[in-house]
Amino acid sequence: MARKITVNMYMTLDGFGVFAKYPGSDIEEDEPDDFWKEMWISRYDSVDTIIFGRRSYEGHAQVHALANRKKTDKEYLYDYSRFLERCKLIVLSNTLQKTTWGNSKIEKGDIGDLVERLKKEPGKDIIVEGGPSLAHDFIQRRLADDYKMLVMPVIYGKGPHYWGTMDDQETLRLISVKKMTHGELILHYASVR
Ligand SMILES: NC(=O)c1ccc[n+]([C@@H]2O[C@H](COP(=O)([O-])OP(=O)(O)OC[C@H]3O[C@@H](n4cnc5c(N)ncnc54)[C@H](OP(=O)(O)O)[C@@H]3O)[C@@H](O)[C@H]2O)c1
């Protein structure tokens, strides 16, 4: 079977890609919650490639590189860093000259061509980890096999946005909905082709 491409999205109810503050959002659980389990931990064995836009890549490297983990970070965050550093990290950029984190590779150009090439290469599944503008390109070009969305209980009104105009509609099949403790939803949809 071809490698599956999942787009991970983290958004407010109105579709903005920000980690908004709301009651409970700053509580760091000792154990991974449904967000961590659904978006990441359940995928550790089946995913070996992550695609980032340049800004998200730089943000992730700063926080999630194993070398940058804080002593106070929970064990599941260390596991997440180890997972990322086992994966091939593809960073899309026309400006970045070199990478300094993990098994990273800079790519530029048409994402349709990139997806076609990756799907032909042997390997496990692929996650597109944002940011919103890159996720939007994948949605608009209908390149994803499925979508995992964390929807935060906030109407935010500004910032990078996930949604936009489409040439053709993307029809989705709902796979699961999880309601989290502080009012977030985790939605999993597959694309209908
Ligand atoms: N998962 C996440 O990381 C996540 C989730 C939610 C919100 N956010 C927030 O969203 C913001 C970043 O998202 P963003 O949408 O602004 O940026 P982004 O998608 O992370 O990065 C955009 C950059 O990616 C490069 N790029 C994208 N497509 C390309 C292509 N086809 N070819 C070559 N380069 C390409 C360009 O880099 P160059 O300028 O180098 O050419 C472009 O400026 C951050 O503030 C972050 O906090 C992130």
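This is a conversation between a student and a tutor about a predicted model of one chain and its ligand.

Student: Let's start with the whole chain. What makes it as compact as a globular protein of its length?

Tutor: Start with what it is built from: five helices and eight strands, running β-α-β-α-α-β-β-α-β-α-β-β-β from the N terminus. The radius of gyration of the chain is 16 Å, and the globule rule gives 16 Å for 193 residues, so the chain is as compact as a globular protein of that length. Its C-alpha atoms fill a box of roughly 40 × 40 × 35 Å along the principal axes.

Student: And how many of the contacts join residues 24 or more positions apart?

Tutor: Such pairs account for 74% of the contacts with a separation of 6 or more. As for burial, 24% of the 193 residues count as buried.

Student: Now the sheet. Why are β4 and β7 said to stand at the edges?

Tutor: Read the strand order of this open sheet: β4-β3-β2-β5-β1-β6-β8-β7. β4 (103-107) and β7 (172-179) each have a single partner strand, so one side of each is left without a neighbour in the sheet. Neighbouring strands are turned by 20° against each other on average, direction ignored.

Student: How do you know that β7 and β8 pair at all?

Tutor: Pairing takes at least two bridges, and seven join β7 to β8 (residues 185-191), so the pair qualifies. These two strands run antiparallel. One residue pair to look at is K178 with its bridge partner I186 in β8.

Student: What makes the pairing of the sheet mixed?

Tutor: Strands of a sheet can pair either parallel or antiparallel, and this sheet has mixed pairing. On the parallel side, β1 is joined to β6 by seven bridges and to β5 by three, while β2 and β5 pair in the parallel sense over four. On the antiparallel side, six bridges join β6 to β8.

Student: Which residues could I click on to see those pairs?

Tutor: For β1 and β5, try T6, whose bridge partner is I127, or I5, which stands opposite I126. For β1 and β6, T12 stands opposite M152. I51 faces V128 in β5, and V151 stands opposite L185 in β8.

Student: Why is β1 called largely enclosed?

Tutor: A residue is buried when 20 or more other C-beta atoms lie within 10 Å of its own. Seven of the eight residues of β1 are buried, so the strand is largely enclosed by the rest of the structure.

Student: How about W163: buried, exposed or partly exposed?

Tutor: W163 is found in the loop between β6 (146-152) and β7. The bounds are 20 or more neighbours for buried and 12 or fewer for exposed. W163 has 15 C-beta neighbours inside 10 Å, so it counts as partly exposed. C-alpha to C-alpha, W163 is 15 Å from M152, with the two eleven residues apart in sequence.

Student: How do you know that α5 packs on the sheet?

Tutor: Contact here asks for C-beta atoms within 7 Å. Helix α5 (residues 132-140) touches β1 (5-12), β2 (47-53), β3 (88-92) and β5 (125-128), and its direction makes about 125° with that of β1. The buried residues of α5 are P132, L134, A135, H136, F138 and I139. They pack against β1, β2, β3, α4 (111-120) and β5. Just after α5, R142 takes a positive phi of about 55°.

Student: Last topic, the ligand. Which residues come nearest to it?

Tutor: G53, S56, G130, G131 and S133 come nearest, out of 23 residues around the ligand. The elements giving two or more residues to this shell are α2 (54-64) and α5. Helix α2 provides the largest share, four residues.

Student: And what makes up the shell in terms of nonpolar, polar and charged residues?

Tutor: It divides into eight nonpolar, eleven polar and four charged. One thing to keep in mind is that Gly is counted as polar, and G53, G130 and G131 are among the nearest residues.

Key:
Residues are numbered from 1 along each chain as its sequence is written. This is a predicted model: local features need pLDDT of at least 70, side-chain atom pairs count only at pLDDT 80 or more; totals for chains, interfaces and linings use all residues. Axes are lines fitted to C-alpha atoms, for helices over the stretch in contact, and angles run from 0 to 180 degrees between N-to-C directions. Two residues are in contact if their C-beta atoms, placed from the backbone, lie within 7 Å. A residue is near a molecule or strand if its C-beta atom, placed from the backbone, lies within 6 Å of it. The radius of gyration is taken over C-alpha atoms; the globule rule is 2.2 Å times the number of residues to the power 0.38.
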